[in-house]
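Reader: Can you walk me through this one? I'd like to start with a helix and then go wherever it leads.

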Amino acid sequence: MNNIIDYVWLVPLFPLVGFLLNGLLRNHVSKSLSGIIGSGTILASFVVSILIFMQVKAGSTGVVTLFNFIEFGKTVIPFAFQVDQLSSLFLLIITGIGFLIHLYSTAYMHEESDMHFARYFAYLNLFVFSMLLLVLGSNYVIMFIGWEGVGLCSYLLIGYWFKNIEYTSAAKKAFVMNRIGDAGFLLAVFYLLSKLGTVTYIDVFSKVDSLSGQDLTIITLLLFVGATGKSAQIPLYTWLPDAMAGPTPVSALIHAATMVTAGIYMIARSNILYTLSPVTQTVVAVVGIATALLAASIALKQNDIKKVLAYSTVSQLGYMFLALGVGAYTGAVFHVMTHAFFKALLFLGAGSVIHGMHHEQDIRNMGGLKKYMPTTHITFLIGCLAIAGIIPFSGFFSKDEILAAAFANNPLYYVLGAIGALMTAFYMFRLYSMTFQGKFRGTQEQEHHLHESPAAMTIPLVVLAIFSFGGGLVGIPEVLMHGGHALNDFLAPVFAASTSKMTPHAIDHSTELILMFGLMAVILLVIILAWKKFSGYQKTASEETGLGKVLQNKWYVDELYDAVITRPVNAFGKGLEKLDRFGIDWIVNGVGRSVQYASRQLRLLQSGQVGSYVLLMVLGIILLFVLQVFLKK
Amino acid sequence: MVPVLLILIPLLTGVALFAIRQEATAKSIAFLSTLVSLAIMLAGMSVWNDAAHLSFNQPWIGALNSRFHLELDGMSQLLCLLTSFSFPLIIYSTWNNTYVDGNRFFGLMLLAQAGLMGVFMAMDGMLFYFFWELALIPLYFLCSRWGGEKRIQVTIKFFIYTFLGSLFMLIGLIMLYFKAGGSFAWTDFVKLNLSSREEMTIFILLVVAFAVKMPLFPFHTWQPDTYEQSPTAVTMILSAIMAKMGVFGLLRWLAPVVPAATYQWGDNFATLAVVGMLYASFIAIKQDDLKRLVAWSSIAHIGLMILALFAPSYSGLQGIMIQMFNHGINILGMWIVVNVIEQQFGTRKISELGGLAQKAPVLTIMLVIVALANIAMPLTNAFIGEFMMFNGIWGSTATKFGMVYAIAGIITIILSAVYTLRMVQNVFYGPTTTRTENAVDIRFNVQLALAILIVGIILIGIYPKPILSMTSEISQQILDRMNLK
């Protein structure tokens with residue numbers, strides 16, 4: 001093998017094979033075999049991804065074309081993969097964390113029957129396959145295949161327990177909301193094709209000067225519509241919290257390694273287009289920060305362990321969009337990476353808790369679990385510290401980079417971002433304290449069965465905890481360590497064009513240090529406050545009132561959408577059908593009735609035997625045919 | 001020789017079946033005949049793929065200077081392939097359905113097949129009209145004899161609609177005949193230089209027949225009723241193949257024959273198409289009867305093809321071509337599932353079904369894949385067609401409103417997800433109902449039929465080139481004739 005990059009197709013191929021094997025043989029494989037197939041294929045992809053990453057790090061990149069997918073006129077859309085710094089980094093995140101989640105699932109899903117166990121792993125593999133297509137594609141159409149593919153897989157996995165009609169409704173909701181975004185993405189593709197005749201990244205980015213400012217704004221906004229669907233931003237975010245209906249490892253997969261990072265990846269990939277359209281950048285930043293705050297505020301009052309984490313994902317994604325909006329592309333990718341570590345950790349930790357608590361998800365019924373589940377407890381705490389942004393945990397570095405860039409762009413972004421960070425610290429430590437500290441508040445039976453999870457579940461937790469702790473060290477800010485930002489150097493070629501077009505707003509070092517450690521000090525205070533307040537949490541019967549109730553009900557956004565969109569669409573469909581039946585069709589039937597009347601009178605002349613009509617008709621045809629064609633020869 | 005065989009085999013077998021009284025024998029003979037047609041079609045596309053084998057041209061009605069001229073060019077091949085592929089699959093997948101006077105049922109089916117083949121190959125206006133009617137009349141009998149409760153009323157509606165359309169078409173063809181100096185030859189039609197008034201008149205006369213067949217809003221009201229009331233095997237023919245007669249008519253007998261009028265009327269018809277797509281999609285959301293749901297979804301999907309023709313471009317036309325084939329096989333898949341459900345549970349009402357995924361996992365998986373094709377998921381065949389059509393509409397140089405149409409039309413891809421997934425959810429997921437608690441999974445023949453379709457769906461979805469290259473020349477010719485890039 002002289003150049004591993006030429007074999008990049010192996011990376012998506014392994015999960016695809018895993019999907020087919022588990023999918024087709026689901027009735028014939030044992031649980032352990034389908035677990036091995038499922039996890040093993042991802043591990044194989046991970047190994048190839050590491051080799052590719054090394055090669056890229058050594059300086060070689062490339063495009064591998066498999067065949068021409070769609071062709072019309074001069075336009076050729078190849079089925080091709082692009083290997084560069086950005087995609088190789090994502091490969092590592094997807095396959096690496098993906099593997100840990102698969103491994104974890106072998107234990108977590110053990111109660112399922114053989115067939116459904118295999119089905120689960122088939123879906124999981126398909127999910128990873130789709131995500132790999134998404135990041136590997138060398139053009140927007142191949143990206144779109146993966147883009148819709150992850151939407152489909154989330155549909156299949158959210159509705160995995162298909163007997164429950166609520167779960168399948170959540171699945172449908174996820175698919176439809178994603179589709180709304182996808183429609184925007186598609187329109188952007190058509191726009192690009194009509195203006196440039198190509199959707200291949202390299203060609204699009206090199207011809208970017210031939211696009212007018214207006215073109216760029218429309219294209220980038222349409223693509224961003226796609227991103228709001230996939231990455232759960234306002235206004236299309238409400239599917240993600242409902243996606244909790246799926247098994248917990250699936251949530252980890254959706255929130256950390258695949259799916260929601262797609263929007264970030266897409267914009268980072270298209271960075272030059274965004275850099276050149278300041279209007280869109282502002283929109284992206286504003287939507288990002290607004291989502292970050294909205295979701296964080298909702299998370300403050302949720303009592304379902306997975307819901308809190310779900311809203312925290314929406315909120316963290318908001319930060320990533322803020323970063324993209326202010327042109328801090330590296331910062332956004334950095335946060336994708338650290339977030340992947342700690343959010344996978346937190347979700348798998350939550351899964352471990354739910355497993356130990358026998359499917360209990362309400363944190364009001366937990367408490368004191370640190371005694372029973374020491375590994376889960378410690379790793380979860382690490383995850384919380386990382387997401388809260390405490391030095392030297394990974395989240396500190398990435399969040400700080402985003403906030404510093406936001407400050408340089410517009411101090412208001414920074415202030416809002418800082419408020420969001422404080423809320424994050426608060427709800428995470430509320431969650432942590434209510435779950436692990438204090439006294440156990442569940443039933444005696446639950447307490448009796450409490451246990452630490454098996455090794456297949458705790459090993460991924462430990463690995464992820466190590467990365468959540470140390471993963472930020474690849475991006476130490478200049479102000480703390482000269483040349484400490486290895487990630488920045490690595491990704492520089494991908495963002496080079498954007499960097500050259502941007503005027504750097506550097507903030508001076510002392511301001512940066514004050515902001516950095518000032519915020520962290522306040523965060524620490526908030527953590528202590530939340531810890532104290534919720535360690536001694538007692539169940540009360542009193543209901544939330546005022547703002548608390550609004551937050552608990554998620555600002556009533558679901559209700560709003562239901563009233564403004566879902567119900568009117570349904571009513572409209574019903575109304576149209578009435579119109580069709582009693583309007584257009586009535587006229588037609590009027591004609592029909594009069595003919596029917598006439599025919600009833602005429603029928604007396606006819607025999608009424610279908611057979612005789614047909615026979616006559618057929619004889620006539622044959623006669624014509626034979627006479628005219630063959631006799632004339 | 002191939003074209004003649006493709007017509008003669010179903011025609012003669014169809015007639016012969018009227019003499020065979022046993023249903024089982026008749027069915028087997030019919031099935032065999034469709035397989036032979038398929039084999040000949042495949043031979044025509046491979047070993048006999050040369051002008052001598054694919055063309056047939058003899059004098060026919062001398063007094064009218066009408067010729068029995070059949071050609072299997074790229075577009076004809078595609079549609080004849082669809083026809084000869086669909087028929088055996090239809091008979092095979094509905095093998096366990098029983099019919100009173102089964103021999104006549106299958107006889108009429110084969111006569112319809114002969115007519116359809118003729119429609120797709122005829123290069124003479126009179127001959128085209130003849131086959132057009134030959135395809136229609138057996139279906140009229142099939143619906144009225146073997147349909148549901150309201151069959152008579154519905155068939156009359158269907159008949160009047162299509163008959164009126166055909167009548168106008170005949171007048172249009174006769175006008176063309178005189179303008180061409182007493183020739184019905186298609187090759188003469190496309191050389192005509194008509195005044196814009198003449199083109200306009202002929203356009204209107206021809207377009208009605210095609211609009212009814214597809215159907216185009218607001219000529220559609222026969223369709224949901226007819227699809228609902230016909231026996232499913234007949235509904236399959238109506239939707240998988242007959243609907244393509246209309247689209248095919250536009251592509252062969254309308255756009256190249258009266259290009260200026262097609263261009264001029266483009267925006268009017270494109271608007272109708274967009275309105276119809278949205279209209280049908282919204283209505284589909286609220287359907288409880290599976291057949292009506294598929295019928296409305298089909299109106300929406302065909303609407304997109306009409307739109308792509310009236311806002312034309314090369315990408316769009318190629319999209320229509322491949323989508324004619326795709327729509328055919330995808331909707332067959334939907335009908336096969338509907339038929340299984342109706343045969344097993346005696347109902348097509350979504351509200352009475354549920355929980356089939358627990359009882360019939362194989363059916364569920366296959367239905368989900370077909371449903372994904374129905375909503376044009378990437379890597380299924382329909383994505384290729386819809387992508388190329390939307391792209392063509394957006395970039396069409398024939399209209400100023402391409403972008404508007406594309407944006408309005410794209411809403412239907414969201415709605416298609418809504419109604420398709422709603423159906424999947426309510427029929428297959430959730431708890432079982434009293435009707436479905438004893439459900440069993442599908443028989444082997446249905447499994448095989450669906451598996452064949454699914455292989456087609458995915459192969460075309462990954463590698464559409466073989467089909468696209470079949471029609472590339474014809475798409476270019478139509479555009480050239482319309483003076484478009």
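**A helix, the contact and the core**

Author: Start with α18(B). Its 27 residues should span 39 Å at 1.5 Å a residue, and its end C-alpha atoms are 39 Å apart, so the two agree. Bear in mind that this is a predicted model.

Reader: How many residues of α18(B) are buried?

Author: 19 of its 27, so the helix is mostly covered, with a residue counting as buried at 20 or more other C-beta atoms within 10 Å.

Reader: And what does Gly430(B) do just after α18(B)?

Author: Gly430(B) takes a positive phi of about 75°.

Reader: Switching to the contact. How many residues does each chain put in?

Author: Chain B supplies 56 residues and chain A supplies 53 residues. On the side of chain B that touches chain A, helix α18 (residues 402-428) of chain B gives the most, with nine residues.

Reader: What classes of residue make up that side of chain B?

Author: 41 are nonpolar, ten polar and five charged.

Reader: What are the ipTM and pTM of the complex?

Author: The predictor gives an ipTM of 0.93 and a pTM of 0.92. Chain B averages a pLDDT of 92, and 100% of the residues score at least 70.

Reader: Which element of chain B has the lowest mean pLDDT?

Author: Helix α3 (residues 51-54) of chain B, at 85. Helix α17 (residues 381-395) of chain B has the highest, 95.

Reader: Now the largest nonpolar core. Which residues have the most contacts inside it?

Author: Val189(A), Leu322(A), Leu324(A), Ala344(A) and Leu307(B), in a core of 425 residues. Helix α6 (residues 165-196) of chain A brings the largest share, 18 residues.

Reader: What does Leu322(A) touch, beyond four places away in sequence?

Author: Among others, Ala285(A), Ile289(A), Ile402(A) and Tyr413(A).

Reader: New topic, backbone oddities. Where is Pro392(A)?

Author: Pro392(A) sits in the loop between α16 (374-388) and α17 (394-409) of chain A. The peptide bond from Ile391(A) to Pro392(A) is cis, with omega near 5°. In chain B, the bond from Phe217(B) to Pro218(B) is also cis, with omega near 0°.

Reader: What phi does Met259(A) have?

Author: A positive one, about 60°, although Met259(A) is not a glycine. Most residues other than glycine have a negative phi.

Reader: Is Met259(A) buried or exposed?

Author: Buried, because Met259(A) has 28 C-beta neighbours inside 10 Å. His359(A) also has a positive phi, about 70°, but His359(A) counts as exposed because it has 8 such neighbours.

Key. Residues are numbered from 1 along each chain as its sequence is written. Chains are lettered from A and ligands numbered from 1 in the order in which they are written. This is a predicted model: local features need pLDDT of at least 70, side-chain atom pairs count only at pLDDT 80 or more; totals for chains, interfaces and linings use all residues. Two residues are in contact if their C-beta atoms, placed from the backbone, lie within 7 Å. Helices (H or I, at least four residues) and strands (E, at least two) are DSSP runs, numbered from the N terminus. Ala, Val, Leu, Ile, Met, Phe, Trp, Tyr, Cys and Pro count as nonpolar, Asp, Glu, Lys and Arg as charged, and the others, Gly among them, as polar. pLDDT is the predictor's confidence in each residue, from 0 to 100. The expected span of a helix is 1.5 Å times one less than its number of residues. A residue is buried if 20 or more other C-beta atoms lie within 10 Å of its own, exposed if 12 or fewer, and partly exposed in between; C-beta atoms are placed from the backbone. A nonpolar core is a set of buried Ala, Val, Leu, Ile, Met, Phe, Trp, Tyr and Cys residues joined through C-beta atoms within 7 Å.
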